[in-house]
Amino acid sequence: YKGNETFAREVVASSLQTTTGVPFEPEDVALTNGGFGAIELMMKLLANPGEEIIYSVPSWFCYAPMAHLHGLQPVAIPMTRWFGLNVDALVGAITERTRILVVNSPHNPSGSIAEAAELAELGARLEGINQRRRRPIWLLSDEAYREIVYSDGCFEPPVRHIRRSVICYSY
């Protein structure tokens with residue numbers, strides 16, 4: 001395991017630039033002990049106890065327990081029938097207490113991949129909501145499986161469409 005060392009952050013930033021097309025700098029990267037640690041850290045940094053984290057279900061089993069551990073209120077929203085992002089339901093669940101919205105793509109456990117159009121719509125709608133808020137909603141992009149695509153699909157980085165995004169990934 002590498003610590004949060006400059007050289008390691010430079011390598012990760014370069015990789016992110018290549019895979020996302022977004023100009024990441026080493027200062028944009030914080031290394032943790034795995035994706036699990038990254039998700040937990042983002043919950044701690046982006047939300048206060050009593051605030052909400054919205055995620056799609058079915059989901060990775062630890063979102064709700066981790067949220068409870070940090071005093072956050074988990075809000076589970078069913079995916080569409082074919083495991084797509086239910087953008088209307090996700091946005092409809094947002095309250096003044098919402099601070100984090102999770103997108104897990106490729107999705108665990110279904111393997112579905114969020115489409116560019118879904119992410120663009122979600123990004124536009126979040127931007128509109130955030131313009132009216134004192135504290136923004138952040139997208140937590142759980143990308144633990146972005147290198148594992150079993151179909152002819154292609155992983156679309158949410159950060160290309162959603163400005164206030166944090167990427168949680170396991171290198």
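Helices (H or I, at least four residues) and strands (E, at least two) are DSSP runs, numbered from the N terminus. This is a predicted model, in which local features need pLDDT of at least 70 and side-chain atom pairs count only at pLDDT 80 or more, while totals for chains, interfaces and linings use all residues. Residues are numbered from 1 along each chain as its sequence is written, and side-chain values use heavy atoms, with hydrogens and water left out.

**Exercise 1. Describe the place of Ser105, its burial, its side-chain contact and the peptide bond that follows.**

Step 1. Ser105 lies in the loop between β3 (98–104) and α5 (116–131).

Step 2. With a relative accessibility of 2%, Ser105 counts as buried, where buried means under 20% relative accessible area, exposed over 50% and partly exposed in between (1.4 Å probe, protein chains only).

Step 3. The side chain of Ser105 reaches the backbone nitrogen of Ala114 at 2.9 Å.

Step 4. The peptide bond from Ser105 to Pro106 is cis, with omega near -10 degrees, and Pro106 is placed in the loop between β3 and α5. The bond from Asn108 to Pro109 is cis as well, with omega near 25 degrees, and Pro109 is found in the loop between β3 and α5.

**Exercise 2. Find how Trp60 takes part in aromatic pairs, and which residues form the cluster.**

Step 1. Searching the whole structure gives 4 aromatic pairs, where rings of Phe, Tyr and Trp (its six-membered ring) pair if their centres lie within 6.5 Å, and planes under 30 degrees apart count as stacked, over 60 as edge-to-face and the rest as tilted.

Step 2. One of these pairs joins Phe36 and Trp60, whose centres are 5.3 Å apart with 85 degrees between the planes, an edge-to-face arrangement. This pair links distant parts of the chain, with Phe36 in helix α2 (residues 34–46) and Trp60 in the loop between β1 (52–57) and α3 (63–69), 24 residues apart.

Step 3. Phe36 is partly exposed, with a relative accessible area of 41%, whereas Trp60 is buried at 16%. The rings of Trp60 and Tyr63 have their centres 5.4 Å apart and their planes at 80 degrees, so this pair is edge-to-face; Tyr63 is buried at 1% relative accessibility.

Step 4. The aromatic cluster is formed by Phe36, Tyr55, Trp60, Phe61 and Tyr63.

**Exercise 3. Describe the largest pocket and the second largest pocket by volume and lining.**

Step 1. On a 1 Å grid over the protein atoms alone, a cavity is a set of points where a 1.4 Å probe fits but cannot get out, and a pocket is an open set with protein on both sides within 12 Å along at least five of seven lines; lining residues have an atom within 4 Å of a point. Grid points are joined across faces, edges and corners, and a volume is the space filled by probe spheres set on the points.

Step 2. The largest pocket holds about 750 Å³ of space, and its lining has 27 residues, of which Val12, Val29, Ala30, Leu31 and Ile167 lie nearest its centre. Helix α2 gives the largest share of this lining, 6 residues.

Step 3. The lining of the largest pocket divides into 20 nonpolar, 4 polar and 3 charged residues, where Ala, Val, Leu, Ile, Met, Phe, Trp, Tyr, Cys and Pro count as nonpolar, Asp, Glu, Lys and Arg as charged, and the others, Gly among them, as polar.

Step 4. The second largest pocket has a volume of about 220 Å³, and of the 14 residues that line it, Pro106, Gly111, Ser112, Ile148 and Tyr150 are the closest to its centre. Its lining has 8 nonpolar, 6 polar and no charged residues.

**Exercise 4. Describe the cavities of 30 Å³ or more, and what surrounds them.**

Step 1. The structure holds 2 such cavities of 30 Å³ or more.

Step 2. The largest cavity has a volume of about 120 Å³ and is lined by 19 residues, with Ser56, Met79, Leu85, Asn104 and His107 nearest its centre. Strand β3 gives the most to this lining, with 3 residues.

Step 3. The second largest cavity holds about 50 Å³ of space, and the residues that line it include Gly123, Glu127 and Arg163. The largest share of that lining, 4 residues, comes from α5, the helix in which Gly123 is placed.

Notes:
A polar contact is a pair of N or O atoms within 3.5 Å; within protein, one must be able to donate a hydrogen and the other to accept it, and residues adjacent in sequence count only if both atoms are side-chain atoms.
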